[in-house]
Amino acid sequence: MRAADFSDLTVGGATIAFACLALFVLVPLGVEDPGAIDILALGPAFWPSIVSTFMLLMGAVVGAQALRRLRAGRAAAETDGEDRRSLATALSEYALGRWLGALVLLAAFYALLEPLGMILASMLAMVALMVLGGERRPALLAILPIGLPFALFLFFRYAANVVIPLGVLDPWLA
Amino acid sequence: MVWTTLQAALEIVLTLEAVLALFGGVVIGTLIGAIPGMTVTMGVALTLPFTFGMHPAVGILLLLGVYKGGVYGGSITAILIKTPGTPAASCTVLDGYPMSRNGEARKALDIALYASCFADFISNVSLILFAGVLASFALRFGPPEYFTLIVFSLTIIAGIAGDNMAKGMISAGIGLLLATMGLDLVYGTNRFVFGEVELMAGLNFIPVLIGLFALPEIINYYAKRFEERGDIQALAGGHATFAEFRRCFKSIFRGSVIGVVLGAIPGIGGAPSAFLSYSEAQRTSKNPENFGKGEIEGVAASEAGNNGTCGATLIPLLALGVPGDIVTAVILGAFMIHGLQPGPLLFEDNLDLIYSLFIGIMISSVFLFIVGKSAIRVFSRVALLPNQILFPVVLVLCVYGGYAVNNNLFDILVMMLIGLLGFAMLRGNIPAAPFLIAYVLGPLLEDNFRQSLLLSHGGLDIFVRNEICMIFWALTALALFLIVRRQRKLPKGAE
């Protein structure tokens, strides 16, 4: 199975699943019924239902296209020419550990924004992401993560009048 | 009346703040355009939160500066490292990079700058000439006319959907669905709020925008094991001469006109314009065999076609309130954030703002020339900025920008979740641009549809009530016909 065909099949399946979820769960539960509606098309559920049905159809089209290519033994458009790769090769080019590390760092960054404040959380996130990306120069690892969040704080606080959450730095910078 | 308005506009533009914003915007845009992996859309999205404390005209001018600088900046890396900074600069690679390899990098960059500035100027003049006329015509529009116009504008999606139209439609569907979140405007009931107060106003535009265009690139960078970079050519050779500019002038002028015409049509954008201009230059050249091997006229033609779209894409935005491409969709969001609704009424209620934009946009052509000419060496170094520094910097900019909209950490959560969705779309080869266009136009489409039905008491004949509606339906049908024809012409298997 070619990587692009597998990807398209997944996209088609995921879209159909999401559209069904929207049509049969999210719209009935998430859209409040205002009561008597004279014209169906004016109801608040009409538009989301139409869009969900449209997505269902498009998901089916993408899935059918991928299946047709698989049956015909043809590669997907993007694997034509110089980019003919198997699924296994495509996956081996991805650094799963580094990617998961980045996701964990993003989640930690968000979680720390309130308790530590935006400046300190940004500093830590920058250092961690720079190291994760392979940066090892101590001067850069020190100057940039301190300088940028602080400069942004000064801009937003004093030029744009935005109140930046300061967390533990509140007693000194507020 | 006109003089008073013009005076008011000059008072806005000829301030230190406005001049600095415009100049700074061009510098930032050129830098962003010169960095491989950064797009103009991403640049405008990241700059948007910095406009909050500014006068609306000054903020919009900053964004326009980023837009124009970014489109030009894309040519720098296209010429020096065979990596177009923007999709529209991909045509510049054809002759720009061979020129660099032949030791004529400086000449290529010079002619790219001259062609860009000239085309930009022509495009700006066309904006000033045609936007007002179109806006006065659009004053006749009611909800049904707007609905049909937006249906036509949604055909933009076909132009930016990429190889797989169905995936572009899925992307648009997600955007349309997310745009329905919040309070229903007709009945005042909740849609997809699920008891969360933060969702009652719907998802804020900026976190969605940043999450969709900046975060997926960051996440994708950390997912990649290897990073490939092209050979970097030295900034070598002599400057382009006036004689060379004169030799290329015909192609530059033709490219500018092509850019204006294609730019004014929603959904076409810079890349097709650059390629059409390039092919016309090659077709009419005395030395067509030199194209692709380092022909200076090829660089000039592609850059003129590319930059000629910049001002013209603002014509439908300012006159009708519909974006001409993805960047103007972001700028439409910026207008809304500053409490303004582009369209014919803007020409009636805020003419001083329109005039100030016109004046500022003309000045931006001059700034583009100054910035490009004086700092080309610095910009060419920017291409070397390592990604392990670039992406953490962009992430912090995203977080500050996402927060600053409403001073609300919830928006950062939205941004990160949309970022993950955007990454999944990136991996699934689903284009993000249709999502954003649909997200911006979705509420307008639904509101005008429902307002029309309220006016007609449910009668669908209101959507064909006059010649304006009929023209937009005909244009929509024509656009769809052309799209289907283009799809059929694609090689089998390349849906």
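# Contacts and helix packing in a predicted model

Q: What share of the contacts in chain A with a separation of 6 or more comes from residues 24 or more positions apart?
A: Such residues account for 71% of these contacts, where two residues are in contact if their C-beta atoms, placed from the backbone, lie within 7 Å. This is a predicted model, in which local features need pLDDT of at least 70, side-chain atom pairs count only at pLDDT 80 or more, and totals for chains, interfaces and linings use all residues. Residues are numbered from 1 along each chain as its sequence is written, while chains are lettered from A and ligands numbered from 1 in the order in which they are written.

Q: How many residues of each chain are in contact across chains A and B, and which helix of chain B supplies the largest share of its side?
A: In chain B 53 residues touch 62 residues of chain A, and helix 21 of chain B gives the largest share of the chain B side, with 12 residues; helices are DSSP runs (H or I, at least four residues), numbered from the N terminus.

Q: Why is helix 12 of chain B called roughly parallel or antiparallel to helix 14 of chain B?
A: The axes of helix 12 (residues 242–264) and helix 14 (residues 296–307) of chain B come within 7 Å and cross at roughly 30 degrees. Because angles under 35 degrees count as roughly parallel, helix 12 of chain B is roughly parallel to helix 14 of chain B.

Q: Which residues of helix 14 of chain B make this contact?
A: Among them are Ile296(B), Ala300(B) and Ala304(B), which meet residues of helix 12 of chain B including Ser251(B) and Gly255(B).

Note on methods
Helices (H or I, at least four residues) and strands (E, at least two) are DSSP runs, numbered from the N terminus. Axes are lines fitted to C-alpha atoms, for helices over the stretch in contact, and angles run from 0 to 180 degrees between N-to-C directions. Angles under 35 degrees count as roughly parallel, over 145 as roughly antiparallel, 65 to 115 as roughly perpendicular and the rest as oblique.
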